[in-house]
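Student: Could we go through this structure together, one region at a time? I would like to hear how each term is defined as we go.

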Amino acid sequence: DKEIFSISESIKYFNLSGVGKSPSKLDMERILSINEHYIKNLDEKDLYKNLKVYAEKYQNKIDEKYEKSLIKSIHFLKNKAKKLEDIYQNAQYIINEDIKISNQDLSLLDEPSKKILKDFLNHFERLDKIKKEDLEKIIKDLINKYKTNFKGVGQPVRISLTGSKFGPGIYDILLSLSKKE
């Protein structure tokens, strides 16, 4: 059964004879699923405009200095987003200069993680240009050096950059930032 219809399909297929007498039920999960579909398929510049309006109305106005970076990053910031709020939260590492790390996530940055971060930063600072292949090599080398897995390297890096263990992919985050950030 098809769940998402275009406006023209809705007009074509809807008629009052299909409406039953039983009371309707608001299914937020289904509504959010449909919203996710529209977020994924909306033109990214239009999505950015909607995000700006949302932020100004319900959060904090997004400074224009972040526009270019947000538009460049919105293709991955919208991944798994069901609401504009999700995109806004995913974008915090771009639009908020003071990253706050929760105590729970801070507890994940133990001594081995701090050594990994220090090593990562040393390798990262030596890069002339940030390219995914170089980042993959750095992370692979750190995985081998510290005998850990991707999460063992990626999680501390993500927490230090975004303030959270959840969020966009680590390579997307790193490629969206300039070296000075």
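Student: Where does Phe14 lie?

Tutor: Phe14 lies in the loop between α1 (7-13) and α2 (28-41), where helices (H or I, at least four residues) and strands (E, at least two) are DSSP runs numbered from the N terminus. Before going further, note that this is a predicted model, in which local features need pLDDT of at least 70, side-chain atom pairs count only at pLDDT 80 or more, and totals for chains, interfaces and linings use all residues. Residues are numbered from 1 along each chain as its sequence is written, and side-chain values use heavy atoms, with hydrogens and water left out.

Student: Is Phe14 buried or exposed?

Tutor: Phe14 counts as exposed because its relative accessibility is 57%; buried means under 20% relative accessible area, exposed over 50%, and partly exposed in between, with a 1.4 Å probe and protein chains only.

Student: Which residues make a nonpolar surface patch with Phe14?

Tutor: Leu16 and Val19 join Phe14 in a nonpolar surface patch of about 360 Å². Patches are made of residues with over 30% relative accessible area and no salt bridge, like charges being joined within 9 Å and nonpolar side chains (Val, Leu, Ile, Met, Phe, Trp, Tyr) within 5 Å. The accessible areas come from the Shrake-Rupley method with a 1.4 Å probe, and for residues only the protein chains shown count as cover.

Student: Switching to the inside, which residues touch the most other members of the largest nonpolar core?

Tutor: They are Ile62, Leu70, Leu77 and Ile87, in a core of 21 residues. A nonpolar core is a set of buried Ala, Val, Leu, Ile, Met, Phe, Trp, Tyr and Cys residues joined through side-chain atoms within 4.5 Å. Helices α3, α4, α5 and α6 each supply at least two residues of this core, and α3 gives the most, with five residues.

Student: And what does Ile87 touch?

Tutor: Leaving out residues up to four places away in sequence, Ile87 touches Ile39, Leu47, Leu51, Ile74, Leu77, Lys78 and Ala81, contact meaning heavy atoms within 4.5 Å. Apart from the largest core lies another core, of 18 residues, among them Leu109, Leu117, Phe124 and Leu127.

Student: Why might one look for such groups at all?

Tutor: In soluble globular proteins, nonpolar side chains tend to be buried together.

Student: Back to Leu77, which side chain reaches its backbone oxygen?

Tutor: The side chain of Asn90 does so, at 2.9 Å; a polar contact is a pair of N or O atoms within 3.5 Å, and within protein one must be able to donate a hydrogen and the other to accept it, while residues adjacent in sequence count only if both atoms are side-chain atoms. Asn90 is found in helix α5 (residues 84-90), and, leaving aside neighbours within four places in sequence, Asn90 is in contact with Leu77, Asn79, Gly167 and Pro168.

Student: What about Thr162, buried or exposed?

Tutor: Thr162 counts as buried, at 13% relative accessibility, and lies in helix α10 (residues 150-162). The side chain of Thr162 reaches the backbone oxygen of Ser164 at 3.0 Å. Not counting residues up to four places away in sequence, Thr162 touches Tyr93, Ile99 and Ile173.

Student: OK, charges now: how many salt bridges are there?

Tutor: The count comes to nine, a salt bridge being a side-chain nitrogen of Lys or Arg within 4 Å of a carboxyl oxygen of Asp or Glu. One of them pairs Lys65 with Glu97, whose closest N and O atoms are 2.8 Å apart. Lys65 lies in the loop between α3 (44-58) and α4 (67-77) and Glu97 in the loop between α6 (92-95) and α7 (103-106), so the pair ties together parts that are 32 residues apart in sequence.

Student: And where do Asp119 and Lys145 come in?

Tutor: Their side chains meet in a salt bridge, at 2.6 Å from N to O. Asp119 lies in helix α8 (residues 111-125) and Lys145 in helix α9 (residues 132-145), so this pair ties together parts that are 26 residues apart in sequence. Asp119 is buried, with a relative accessible area of 13%, whereas Lys145 is exposed, at 53%.
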